[in-house]
Amino acid sequence: MTEIQYEVREQDLFAFNEHLLQESKPMQKAMRRHQVTIPGLLSIAVLVLWFYYQESSTAIIFMALAVAWAALAPRYFRWSTRRQLNRLYTEEEKVSVMGRYTLRIEPSHLVEVGPNGNAPT
């Protein structure tokens with residue numbers, strides 16, 4: 001009989017959910033929009049300000065804003081996702097999910113034993 005033991009921690013729960021969100025198409029679309037589209041539009045505004053209006057100081061500010069937006073958007077999304085995931089689970093749900101689990105191969109099936117000693121439903 002083969003047996004595997006593993007432990008689910010709070011950071012594992014959040015990492016799993018973050019991975020699922022990052023693989024989702026709507027999240028990828030939002031990230032592209034915030035990392036490419038908005039800085040691209042700001043860059044077009046920079047070109048217009050620079051060449052058409054000859055306004056260099058405002059163009060430099062807009063360009064710095066575009067670069068900062070592209071660089072900081074992923075960090076903001078990660079922070080926002082963690083904050084939302086933290087509110088998603090109650091303390092009771094976190095406690096019931098976290099703990100040491102055991103997977104055991106029986107002759108006819110796979111058995112998972114949770115932290116309270118019972119097979120989860």
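**Exercise 1. Find what the buried side of helix α1 packs against, and work out how its residues are arranged.**

Let's start with the packing: the buried residues of α1 lean on α3 and α4 (91–97). Keep in mind that this is a predicted model.

Step 1: pin down the helix. α1 covers residues 10–23, which makes 14 residues. From first C-alpha to last it reaches 20 Å, close to the 20 Å expected at 1.5 Å a residue.

Step 2: list who is buried. With the cut-off at under 20% relative accessible area, the buried residues of α1 are L13, F14, N17 and E18.

Step 3: check the geometry. These residues cover an arc of only 130 degrees around the axis, so they sit on the same side of α1.

Step 4: look at the other side. There, Q11 and F16 are exposed.

**Exercise 2. Place T81 and name its contacts beyond its sequence neighbours.**

Step 1: locate the residue. T81 belongs to helix α3, which runs over residues 56–88.

Step 2: decide whether T81 is buried or exposed. Its relative accessible area is 9%, so T81 is buried.

Step 3: collect the contacts. Skip the neighbours within four places in sequence, and T81 is in contact with E18, L21 and M27. E18 is a residue we've met already, as one of the buried residues of α1.

**Exercise 3. Count the aromatic pairs and classify the one between Y6 and Y101.**

Two quantities do the job here: a pair of aromatic rings is described by the distance of the centres and the angle of the planes.

Step 1: get the count. With ring centres required to lie within 6.5 Å, there are 4 aromatic pairs.

Step 2: classify Y6 and Y101. Their ring centres are 5.5 Å apart and the planes meet at 10 degrees, so this pair is stacked.

Step 3: see what the pair connects. Y6 lies in strand β1 (residues 3–8) and Y101 in strand β2 (residues 99–105), so the stack ties together parts that are 95 residues apart in sequence.

Step 4: compare the burial. Y6 is partly exposed at 29% relative accessible area, whereas Y101 counts as buried at 8%.

Step 5: move on to another pair. Y76 and F77 are edge-to-face, with 6.3 Å centre to centre and 80 degrees between the planes. F77 is buried, at a relative accessible area of 17%. Ring pairs also link Y76, F77 and W79 into a cluster.

**Exercise 4. Work out the strand order of the sheet and say which strands stand at its edges.**

Step 1: write down the order. The sheet is open, has 3 strands in the order β1-β2-β3, and pairs in the antiparallel sense.

Step 2: find the edges. β1 and β3 (110–113) each have a single partner strand, so one side of each is left without a neighbour in the sheet.

Step 3: add the twist, which averages 20 degrees from one strand to the next.

Step 4: zoom in on one pairing. β1 and β2 run antiparallel over 6 bridges. For V8, the bridge partner in β2 is G99.

**Exercise 5. Describe the backbone and surroundings of Q54.**

Step 1: check phi. Q54 has a positive phi of about 55 degrees although it is not a glycine.

Step 2: place the residue. Q54 is in the loop between α2 (25–52) and α3.

Step 3: check the accessibility. At a relative accessible area of 61%, Q54 is exposed.

Definitions and conventions: Residues numbered from 1 in each chain as written. Predicted model: local features only at pLDDT ≥ 70, side-chain atom pairs only at ≥ 80, totals over all residues. Heavy atoms only, no water. Helix = DSSP H or I, 4+ residues; strand = E, 2+ residues; numbered from the N terminus. Buried < 20%, exposed > 50% of the residue type's maximum accessible area, 1.4 Å probe, protein only. Contact = heavy atoms within 4.5 Å. Phe/Tyr/Trp six-rings, centres within 6.5 Å; stacked < 30°, edge-to-face > 60°. Pairing = 2+ DSSP bridges. Axes fitted to C-alpha atoms, helices over the stretch in contact; angles between N-to-C directions. Expected span 1.5 Å × (residues − 1). Arc of directions from axis to C-beta.
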